[in-house]
Amino acid sequence: MAKHRRVRPTKVHYISAALTASVFAAGFGVAPAHADNGIDTTDVAALKALSPKLDLGTAAVASGVRAAAPVEGSPGKAAPSMPSVTKVLSLAKQQIGVRENSSGGGTKFQDWYSKSKRAAETVARDGGNRTAYLNAAWCAMFVSWVGEQTGGRTTIGWDAYTPTYANWFKANKRWGTTAKPGSVVFFSWSGSKSLGSIQHVGFVEKDNGDGTITTVEGNTGNGKVEQRVRPKSQVVGYGYPSYGK
């Protein structure tokens with residue numbers, strides 16, 4: 001069995017303060033988003049600095065995520081310039097072994113995202129500042145980076161917050177429960193099927209036909225990119241980019 005990620009109390013996890021249907025229960029009893037094992041401890045002081053608009057003393061309702069508007073374009077019909085599944089998975093697999101530093105940062109995925117147009121948009125949404133992404137959990141940034149580098153941003157999407165990322169696919173009617181090569185897979189370690197429970201994201205490489213899927217994920221293991229085998233019971237759902245030929 002693949003090892004789980006160690007707990008890092010200082011690792012900052014992005015929270016979407018603008019979502020009116022919050023995914024966090026009182027006192028942040030629900031695990032923070034997009035950690036590999038779903039149990040990373042979030043530093044409250046760091047969270048306040050990251051998202052000053054978030055009231056940490058208010059009990060929130062864990063009732064899912066409001067539908068989000070498309071980030072840029074729509075993952076609908078594939079344009080001729082969209083990358084192929086093979087191209088996307090090939091680039092993702094080339095990153096296997098890339099790891100973060102001892103502070104939970106230092107990856108090219110975090111560096112790219114912090115400088116991107118999308119970072120400005122998510123800072124406006126969540127509060128905080130761009131530099132906070134440099135040490136934030138980066139599984140969604142990894143998926144976003146692959147989309148950017150392959151020319152598939154408008155169909156793969158980009159975000160740093162996994163529930164909102166998943167909801168982008170759902171809002172654009174590109175969401176389902178069937179594993180397909182190249183689909184973007186969203187996990188909840190509890191087995192919940194609620195978008196608000198999502199804690200991690202990666203790419204599906206293949207359905208193994210035995211109740212498991214082979215994936216390529218960032219921010220997994222001990223903070224690196226790895227190929228993993230995951231049980232489908234931990235999958236909330238899949239986002240389906242519209243790939244080219």
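This is a guided tour of one protein chain, going from the whole fold to its sheet and then to the helices packed on that sheet.

**The whole chain**

Begin with the entire chain in view, keeping in mind that this is a predicted model. The protein chain contains seven helices and six strands, and if you colour it along the sequence you can follow the pattern α-α-α-α-α-α-α-β-β-β-β-β-β. Of its 245 residues, 54% count as buried, while the protein chain exposes about 10000 Å², of which carbon and sulfur atoms supply 54%. Among contacts between residues at least 6 apart in sequence, 70% join residues at least 24 apart.

**The sheet**

Next, select the six strands, which make an open sheet with antiparallel pairing in the order S1-S6-S2-S3-S4-S5. Its edge strands are S1, at residues 175–176, and S5, each of which pairs on one side only. Two helices that pack on this sheet are worth adding to the view now. Helix H2, residues 85–94, touches S3, S4 and S5, and its direction makes about 120° with that of S3. Helix H5, residues 139–149, touches S3, S4 and S5 as well as strand S2 at residues 184–187, and its direction makes about 55° with that of S3.

**Strand S4**

Now narrow the selection to residues 212–220, which form strand S4; this strand is mostly covered, with nine of its nine residues buried.

**From S3 into S4**

Add residues 200–207, strand S3, which runs antiparallel to S4 and is joined to S4 by four bridges. To see one such pairing, select Asp-207 together with its bridge partner in S4, Ile-213. The two strands form a hairpin with four residues between them, and in the turn you can pick out Gly-209, which has a positive phi of about 75°.

**From S4 into S5**

Move on to the other neighbour by selecting residues 224–231, strand S5, which pairs with S4 in the antiparallel sense over seven bridges. Which residue of S5 stands opposite Thr-212? Selecting both strands shows that Thr-212 faces Pro-231, and further along the pair you can select Val-216 with its bridge partner in S5, Gln-227. S4 and S5 also form a hairpin, this one with three residues between the strands, where Gly-221 takes a positive phi near 55°.

**A last view**

Finally, show S3, S4 and S5 together with H2, which touches each of these strands, and then bring back H5, which touches them and S2.

Notes:
Residues numbered from 1 in each chain as written. Predicted model: local features only at pLDDT ≥ 70, side-chain atom pairs only at ≥ 80, totals over all residues. Heavy atoms only, no water. Buried < 20%, exposed > 50% of the residue type's maximum accessible area, 1.4 Å probe, protein only. Pairing = 2+ DSSP bridges. Contact = heavy atoms within 4.5 Å. Axes fitted to C-alpha atoms, helices over the stretch in contact; angles between N-to-C directions. Areas by Shrake-Rupley, 256 points an atom, 1.4 Å probe, with all protein chains shown as cover.
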